[in-house]
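Trainee: I would like to go through this model and ask about the words used for it. Can we start with the helices?

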Number of protein chains: 2
Amino acid sequence: MPREITGFSNPLVKRVRSLREKKLRKREGLFLAEGLRILTEAREQGILPEMLFLALGTRPHPLAQLLVDAVEAAGGEVVLTTPDILGKISGKENAQAVVGIYRDRLTPLPALDRNAAPIWFVAQAMRDPGNLGTLMRIGDAVGAGGVILVDDCVDPFSVETVRASMGALFTQAIAHADWPDFLAWLRTGPGQLVGTSLNTDFDYQEPHYEAPTFLLIGNEARGLPADYEAACDLLVKIPMMGRADSLNASVAGAVMAYEVLNQRRRG
Amino acid sequence: MPREITGFSNPLVKRVRSLREKKLRKREGLFLAEGLRILTEAREQGILPEMLFLALGTRPHPLAQLLVDAVEAAGGEVVLTTPDILGKISGKENAQAVVGIYRDRLTPLPALDRNAAPIWFVAQAMRDPGNLGTLMRIGDAVGAGGVILVDDCVDPFSVETVRASMGALFTQAIAHADWPDFLAWLRTGPGQLVGTSLNTDFDYQEPHYEAPTFLLIGNEARGLPADYEAACDLLVKIPMMGRADSLNASVAGAVMAYEVLNQRRRG
């Protein structure tokens with residue numbers, strides 16, 4: 001049976017609101033996703049929230065009812081609450097009608113099955129949650145396996161990242177590693193590490209990309225450090241015809257990933 | 001000689017702060033850009049702000065000094081002010097060291113020279129300033145001529161759009177038109193109108209794109225209206241290998257634009 005909560009000072013509301021802070025997300029091992037579309041996407045992957053919040057007093061959308069049934073069948077908790085509280089939980093004035101609290105989905109690097117997909121993103125010190133979420137969404141689109149976060153990246157489970165991923169957070173594996181650990185892991189198996197760089201004239205359409213291809217995307221402001229570039233199997237350059245010398249990080253990821261995909265599609 | 005302003009209640013400060021609101025930007029025909037890199041980009045294009053704001057009391061960066069000299073030589077106004085006021089003007093807590101107030105750069109559609117570039121973006125009801133700015137940045141990268149905004153789009157001169165464009169706002173022409181006016185203008189000259197759509201199986205790598213190519217990008221949430229799709233010369237589909245059925249609008253623009261550019265590069 002759903003539980004009803006209508007008070008802002010309810011301890012559960014306070015606890016769930018605290019998940020908007022990275023430190024508390026980490027401590028609890030939980031994160032927050034919102035919107036019927038994203039939660040349904042997750043449900044269709046067999047991923048259910050531990051807690052589901054819905055607005056009181058309105059007849060739930062049929063897809064929301066499917067979520068309620070699935071969460072209850074799995075022993076999770078369903079909470080009916082006011083639109084105001086939903087808004088406070090999500091940090092958005094116009095809260096979408098459902099909010100789910102999920103167990104975080106970090107895969108330990110050694111557990112990542114690199115042969116499960118032909119493309120992987122490696123994001124180095126990516127700072128913008130919109131970029132990271134968009135990269136996940138691109139990964140889903142090109143059939144990538146996931147994103148490996150290297151060095152100090154933005155939290156992949158922040159509300160903003162989850163929102164920008166449009167649900168791809170639930171289809172893409174997420175791992176985190178320091179650069180030396182990532183490199184050591186990479187070299188224990190097959191995998192071509194490809195960096196985009198301004199320090200080469202090698203056009204990104206020239207090489208043959210080998211699967212699994214690891215596409216290394218540098219920090220938004222500084223690009224890749226020189227020693228990271230040196231560790232790549234390939235450094236390539238996306239042509240830039242104008243005055244700017246770089247693309248947005250997730251856009252560069254998309255241009256690279258579609259080139260790899262298109263090569264594979266041609267056989 | 002630079003003028004010094006240290007009071008928040010100074011009328012000029014109030015007027016400039018008001019440029020963060022679309023209505024007042026429109027009334028004044030002015031907009032605000034910030035950051036040495038973006039302002040220098042503009043200066044190198046021969047575009048100078050009517051007013052330039054710098055922080056008082058620090059020796060200006062050599063590039064900022066070039067801006068000061070150029071603005072004064074052109075009869076513009078240079079204002080030295082406190083970091084606090086700079087922050088209030090830009091709406092950012094850590095204001096970047098220079099803020100410029102520019103005359104808006106909307107090109108009337110009939111004045112747009114379609115043959116000046118082989119690629120143009122047409123953004124339909126684009127709502128997100130980050131997407132629009134990123135699209136301008138992509139346009140710069142692929143050698144596009146600019147962005148034609150169709151229907152009710154986000155303001156191309158908002159602080160957020162300018163920031164996301166990373167200065168490409170100053171290299172890309174910006175026009176605005178209703179859909180019927182755009183179509184009428186388009187058909188008075190050469191130009192292939194290409195839409196991306198879920199309602200076709202025609203792969204985006206199949207067709208030969210003719211210059212000037214007009215890449216029509218639909219609204220973030222709803223995509224293109226059916227009658228807009230019907231008016232296209234070509235409807236193509238970007239392959240999606242995962243669960244999601246769409247890419248972020250600016251990412252889709254990048255994938256399309258690099259395909260067109262790559263065809264041209266092959267000759």
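Trainee: Why are α6(B) and α10(B) called roughly parallel to each other?

Mentor: This is a predicted model, so every value here is computed from it. Helix α6 of chain B covers residues 129–142, and helix α10 of chain B covers residues 249–265. They pack at an angle of about 10°, with their axes 9 Å apart. Angles under 35 degrees count as roughly parallel. Therefore α6(B) and α10(B) are roughly parallel to each other.

Trainee: Which residues make the contact?

Mentor: From α6(B) come B:N131, B:T134, B:L135, B:I138 and B:V142. From α10(B) come B:A249, B:S250, B:G253, B:A254, B:A257, B:Y258 and B:L261. By class, this contact of α6(B) with α10(B) has eight nonpolar, four polar and no charged residues.

Trainee: What makes α10(A) oblique to α10(B)?

Mentor: Helix α10 of chain A also covers residues 249–265. α10(A) and α10(B) pack at an angle of about 45°, with their axes 9 Å apart. Roughly parallel needs an angle under 35 degrees, and roughly perpendicular runs from 65 to 115. About 45° fits neither, so α10(A) is oblique to α10(B). The crossing is right-handed.

Trainee: Which residues meet there?

Mentor: In α10(A), they are A:S250, A:V251, A:A254, A:V255 and A:Y258. They meet B:S250, B:V251, B:A254, B:V255 and B:Y258 in α10(B). By class, that contact has eight nonpolar, two polar and no charged residues.

Trainee: How do you know that the two copies are related as by a two-fold rotation axis?

Mentor: Look at the superposition. Chain B can be laid on chain A by a turn of 180° and a shift of 0.0 Å along the axis. The RMSD is 0.0 Å. The two copies are thus related as by a two-fold rotation axis. The same surface serves both copies: 100% of the contact residues of chain B recur in chain A.

Trainee: How many residues of chain B are in contact with chain A?

Mentor: 29 residues of chain B are in contact with 30 residues of chain A. α6 and α10 of chain B each supply at least two residues of the side that touches chain A. That side of chain B divides into 15 nonpolar, ten polar and four charged residues.

Trainee: Now chain A. Why is α3(A) called oblique to α4(A)?

Mentor: α3(A) and helix α4 (residues 62–73) of chain A pack at an angle of about 45°, with their axes 10 Å apart. Again, that value lies outside the cut-offs of under 35, 65 to 115 and over 145 degrees. That makes α3(A) oblique to α4(A). Their crossing is left-handed. A:L36, A:L39, A:T40 and A:R43 of α3(A) touch A:L63, A:A64, A:L66, A:L67 and A:A70 of α4(A).

Trainee: What makes β1 and β2 of chain A edge strands?

Mentor: β1 (3–5) and β2 (30–34) each pair on one side only. The open sheet has five strands in the order β1-β4-β3-β5-β2, with mixed pairing.

Trainee: How do you know that β3 and β5 of chain A pair?

Mentor: Count the bridges. At least two are needed. Four bridges join β3 (residues 51–55) to β5 (residues 98–103), and these strands run antiparallel. So β3(A) and β5(A) pair. In β5(A), the bridge partner of A:M51 is A:I101.

Terms used:
Residues are numbered from 1 along each chain as its sequence is written. Chains are lettered from A and ligands numbered from 1 in the order in which they are written. This is a predicted model: local features need pLDDT of at least 70, side-chain atom pairs count only at pLDDT 80 or more; totals for chains, interfaces and linings use all residues. Axes are lines fitted to C-alpha atoms, for helices over the stretch in contact, and angles run from 0 to 180 degrees between N-to-C directions. Two residues are in contact if their C-beta atoms, placed from the backbone, lie within 7 Å. Ala, Val, Leu, Ile, Met, Phe, Trp, Tyr, Cys and Pro count as nonpolar, Asp, Glu, Lys and Arg as charged, and the others, Gly among them, as polar. A crossing is left-handed if the near helix is turned anticlockwise from the far one by less than a right angle, and right-handed if clockwise. Copies are superposed by least squares on the C-alpha atoms of residues with pLDDT of at least 70 in both.
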